[in-house]
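Open the model in your viewer and keep the sequence panel at hand. The stops below give a selection and then what is found there.

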Amino acid sequence: MADSISLSDKLATFQDYWSPRTVTTFNDCDVMVVKVKGEFTWHKHDDTDDFFLVLKGHLDIELRDRTVTLGPGELYVVPKGVEHRPVAREEVHLMLIEPTGTPNTGDEATAAARKLA
């Protein structure tokens, strides 16, 4: 990587929600930014954990037995195989890290296409 990456600059390049943008890769993982608002679908990832770092706003990660609430600078890792649903009552900016090719819904058929920021 030749230069630093501004996550806020990358986030400023798009407006759509629930459509992660890859900003770089490392160790066969994508580092992504995404804007979210509203409720995502209940899903799980059978083969990998799900990493969420809030950059702006507040995010609820609903689990079947509880809700984890995150604010700016806070992160949570959903263990693989655990059903969860991110919910944003306002626009939230996130950084996500996951193995390259991981479908965001846990299912290739319903996953958002990968895009670069």
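Select strand S1 (residues 21–26) and strand S8 (residues 115–116). In this predicted model, the two strands pair in the parallel sense over two bridges. To find one of the pairings, pick Thr 22, whose bridge partner in S8 is Leu 116.

Keep S1 and add strand S2 (29–39). S1 and S2 run antiparallel, joined by five bridges. At Arg 21, the bridge partner in S2 is Val 33. The two strands form a hairpin with two residues between them.

**The turn of the hairpin**

Select Asn 27 in the turn, which has a positive phi of about 50°. Then move to Asp 28, in the loop between S1 and S2. Its phi is near 65°, again a positive value in a residue other than glycine. For the background, most residues other than glycine have a negative phi. Is Asp 28 buried or exposed? Asp 28 counts as exposed because its relative accessibility is 68%, against a cut-off of over 50%.

**The whole chain**

Zoom out and colour by secondary structure. The protein has one helix and eight strands, in the order α-β-β-β-β-β-β-β-β from the N terminus on. Of its 117 residues, 44% are buried. The accessible surface comes to about 6,400 Å², and carbon and sulfur atoms account for 50% of that. Contacts between residues at least 6 apart in sequence join residues at least 24 apart in 62% of cases.

**Trp 18 and Phe 40**

Select Trp 18, in the loop between helix H1 (7–11) and S1. Trp 18 has a positive phi of about 60° although it is not a glycine. With 18% relative accessibility, Trp 18 counts as buried, the limit being under 20%.

Now add Phe 40. How many aromatic pairs does the structure hold? There is one aromatic pair, formed by Trp 18 and Phe 40. The rings are stacked, at 4.8 Å centre to centre and with 25° between the planes. Because Trp 18 sits in the loop between H1 and S1 and Phe 40 in the loop between S2 and S3, the pair ties together parts that are 22 residues apart in sequence. Phe 40 is buried too, at a relative accessible area of 15%.

**The nonpolar cores**

Next, show side chains and select Val 36, Phe 52, Leu 59, Ile 61 and Leu 94. These belong to the largest nonpolar core, a set of 18 residues, and touch the most other members of it. At least two residues of this core come from each of S2, strand S3 (50–56), strand S4 (59–63), strand S5 (67–70), strand S6 (75–78) and strand S7 (84–99). S7 gives the most, with four residues.

A second core of eight residues is separate from this one. To locate it, select Phe 14, Val 31, Val 33 and Leu 53, which are among its members. Val 33 has already appeared on this tour, as the bridge partner of Arg 21. As general background, nonpolar side chains in soluble globular proteins tend to be buried together.

Return to Val 36 and display its surroundings. Beyond its neighbours within four places in sequence, Val 36 is in contact with Tyr 17, Trp 18, Leu 59, Ala 88, Glu 90, Glu 91, Val 92 and Leu 94.

**Ala 88**

From that list, select Ala 88, in strand S7. At 2% relative accessibility, Ala 88 counts as buried. Leaving aside neighbours within four places in sequence, its contacts are Val 36, Lys 37, Gly 38, His 58 and Leu 59. For a distance to display, take the C-alpha atoms of Ala 88 and Glu 39: they are separated by 6.4 Å, while the residues lie 49 apart along the chain.

**Asp 60**

For the last stop, select Asp 60 in strand S4. Asp 60 counts as buried because its relative accessibility is 14%, and the limit is under 20%. Which side chain makes a polar contact with the side chain of Asp 60? The partner is Thr 69, at 2.7 Å. Aside from neighbours within four places in sequence, Asp 60 is in contact with Thr 67, Val 68, Thr 69, Arg 85, Pro 86, Val 87 and Arg 89.

Technical notes:
Residues are numbered from 1 along each chain as its sequence is written. This is a predicted model: local features need pLDDT of at least 70, side-chain atom pairs count only at pLDDT 80 or more; totals for chains, interfaces and linings use all residues. Side-chain values use heavy atoms; hydrogens and water are left out. A nonpolar core is a set of buried Ala, Val, Leu, Ile, Met, Phe, Trp, Tyr and Cys residues joined through side-chain atoms within 4.5 Å. Buried means under 20% relative accessible area, exposed over 50%, partly exposed in between (1.4 Å probe, protein chains only). Contact means heavy atoms within 4.5 Å. A polar contact is a pair of N or O atoms within 3.5 Å; within protein, one must be able to donate a hydrogen and the other to accept it, and residues adjacent in sequence count only if both atoms are side-chain atoms. Accessible areas come from the Shrake-Rupley method with a 1.4 Å probe; for residues, only the protein chains shown count as cover. Two strands pair if DSSP finds at least two bridges between them. Rings of Phe, Tyr and Trp (its six-membered ring) pair if their centres lie within 6.5 Å; planes under 30 degrees apart count as stacked, over 60 as edge-to-face and the rest as tilted.
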